[in-house]
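Here's a quick tour of a protein chain, from one helix to one strand residue and then the whole thing. Have a look before reading on.

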Amino acid sequence: MKLEPEVLSPNRRETVTKSKAKRTSTKKAAEGDVKSALALKETEIVVSEAPLPKAPPDIELDGAVLRQFPQRFINRELSWLQFNRRVLEEASNGNHPLLEELRFLSISADNLDEFFMVRVAGLRGQVRSGVATPSQDGLTPQDQLAKIAVEVAHLASDQQRRWRELKKSLEDEGIVLVDGAGLTKPEATWLEDYFLNHIFPVLTPLAIDPAHPFPFIPNLGSSIALKLVRKSDGKVLNALIRLPSRAERFIRLPDFAETGSTRFMALEQVIVLYTSRLFPGYEVQGQGAFRVIRDSDLEIEEEAEDLVRQFESVLKQRRRGSVIRLEVEAAMPEDLRLFVAEESEIASDEMFVVEGMMGLNDLAQLVALDRPDLKFKPYNPRFPERIREHSGDCFAAIRQKDIIVHHPYESFDAVVQFLRQAARDPNVVAIKQTLYRTSSDSPIVAALAEAAEAGKSVTALVELKARFDEEANIRWARDLERAGAQVVFGFIELKTHAKLSMIVRREGGQLITYCHVGTGNYHPITARIYTDLSFFTADPVIGRDISRIFNYVTGYAEPAEMERMAVSPLTLKKRLLQHIEEEVAHAKAGRPAAIWGKCNSLVDPVIIDALYDASAAGVQIDLVVRGICCLRPGIKGLSENIRVKSIVGRFLEHTRIYAFGNGQGLPNPKAHVYISSADLMPRNLDRRVEALMPVVNPTVHQQVLDQIMLANLLDNEQSWTVLPDGTSRRIVPTKGEEPFNAHKYFMTNPSLSGRGKSLKTSSPKALAKRGQR
């Protein structure tokens, strides 16, 4: 098996093809664009000071040889594209309702846009600046861009193919997208009136000439380019119509025929239909829509005197980032394409001709239709029974015993109630809280503001560098400051990604610390669809450790020692490597040795090499990695004892769990079990503040290891096996094998923190028996 990806077949019809457009502007290249080259500070393209050995091009995946070469790692970008392909494949999963399949198609398109805005933008910046340093897998930026182009062509082609299939299925369900030729007379009359009253007033038709230069097209903005001929003298004119950014992409038509069907027409098609109203006296000789994707990464000056003002300034610059990808309709004439490409200052390999619908992410508008028969059955999360038993008193419930809440199966309201109760409790004297991402009307921020206004000491650690949430976080920071909270922005060079909350309460003449440690953001909206863990405790040891982490971020004082927890970039990676080494020692001593892990991404080369060494020693390793995985599993002599799977389904897997057998295999009550905010990536382990917390409470330990982790490993309905070449294969239950869906299991069975008659059948022991069959 070769490491080279599949090449495009010349006989295969692709919906995305390269244009012959030529780059006409060289001024940006002359400027050196160092800023864009440095924009990969979050990219995990790990470089080596010494030249990396280059593997022979026809090397087989033989572990003994491969271990010496950078090709022992899968390329990060190509691995991400494989993850997005898994997302796209869910758009063809017949077990999902039709609009949910459409949702997955929309998500895969949205993912791809962000990939270009950040990842491809960074690589192109490196190429423009002459950077040729290879990534950890041995590929130069130019090599990566070439391979990305091949994979994206396949992916975009398959997205369009699936859209054509779904469009037909939608028509069968009475959801129809029509073009101008498909309009009935009543619809055409209504649509013309709608255009004149709701669309025409916000459009600005623009002729392109020296007096009217080509306008700026914002990121993800769409426009229509036209080639016009004046009827009076035959003069040819290029023109442009920018689509309004706040208008809905699909215009719903009235059901004049009362058939019960829902008919839509795309905005760009409506505008094309009435071009004569915008350019009277001209004939349209050629036209076509196009869409731009711009570089949206940020570069912050570490010496900025005012970080908030610096971010506001840079956010404005982001909107004007250079064009990374230009998509044009196949119907656009070649000369018009060249005109748009020249004005956008893009190279030929940055322009793509789309035979189909551009901006498939806009299909989310159709997903929002009120058609419950075509969507997942609504799910109402459980509220932790222990808190109910204490009449909603979170502090009393936590005092009794540690609680872990499994989102989205158990309600995020428990976290909100925890903070609201603290805000209104006269015995609470202080609250400390990290905020990385939250919702637009966040109840978390509201509770913190209420507490500050009540005179409590409130410290909010707001991370300004949460990508694409920077503006919202600046707004929350100012709201909290107005309420009287102390707002801290943490390190300039490190993102604060830990999910921590600490409440200090006066009880019986002493101060008791209540803590929340999470694997996900304090975001009530995403908590409905992301799988995460919320751990509540009044353990004074954890309280002291969390206090040290807050002091580290607010006062830059590295903690002299942590009693139980670990924190990156100081001790978290060392702790994980130490446990891996311990499992190697157990294996060499003839004892059972095992590692289980669940995370979003596995990229860090030091961790991967340590896992390769553990596999060679005989440690059994099972990993659930939703997204990027740079480790090559299942290769003899390298990783034959490592199995990697990915789960993609109704809920987005987001929990981070790391477990080590401790000489007794897994699962077992004496295993070292951790929950964390950190993925296994260099940015999380070396360039972020992350928390790693050991689970020592027996009940919580059993729930995390024997129930949550085991169910994820047993899943055979929403899982994919990651293969040695970085691709993946859907897991299908074999003949006689019982189907098991982890998401459905957690939706229908209570956790150990809950109560219920079904607890016995859903207990870890019952689940473990299933795993042994």
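## Helix α22

A helix's expected span is 1.5 Å times one less than its number of residues. Keep that in mind for this model, which is predicted. Helix α22 covers residues 698-714, so its 17 residues should stretch over 24 Å at 1.5 Å a residue. The C-alpha atoms at its ends sit 22 Å apart, which agrees.

How does α22 begin? At its N-terminal end there's a cap from Asn697: a side-chain oxygen of Asn697 lies 3.0 Å from the backbone nitrogen of Thr699. As for cover, α22 is mostly tucked away, with 12 of its 17 residues buried. Among them are Val700, His701, Val704, Leu705, Asp706, Ile708 and Met709.

## Ser223 in strand β4

Over to strand β4, which runs through residues 222-230 and includes Ser223. Is Ser223 buried or exposed? Its relative accessibility is 0%, so Ser223 counts as buried.

And who keeps Ser223 company? Setting aside neighbours within four places in sequence, Ser223 is in contact with Ile217, with Leu240, Ile241, Arg242 and Leu243, and with Gly288, Ala289 and Phe290.

## The chain as a whole

Zooming out, the protein chain holds 25 helices and 28 strands. It has 773 residues, and 58% of them count as buried. Take the contacts between residues at least 6 apart in sequence: 75% of these join residues at least 24 apart.

On the outside, the protein chain exposes about 32500 Å², with carbon and sulfur atoms supplying 50% of that.

Terms used. Residues are numbered from 1 along each chain as its sequence is written. This is a predicted model: local features need pLDDT of at least 70, side-chain atom pairs count only at pLDDT 80 or more; totals for chains, interfaces and linings use all residues. Side-chain values use heavy atoms; hydrogens and water are left out. Helices (H or I, at least four residues) and strands (E, at least two) are DSSP runs, numbered from the N terminus. Buried means under 20% relative accessible area, exposed over 50%, partly exposed in between (1.4 Å probe, protein chains only). A polar contact is a pair of N or O atoms within 3.5 Å; within protein, one must be able to donate a hydrogen and the other to accept it, and residues adjacent in sequence count only if both atoms are side-chain atoms. Contact means heavy atoms within 4.5 Å. Accessible areas come from the Shrake-Rupley method with a 1.4 Å probe; for residues, only the protein chains shown count as cover.
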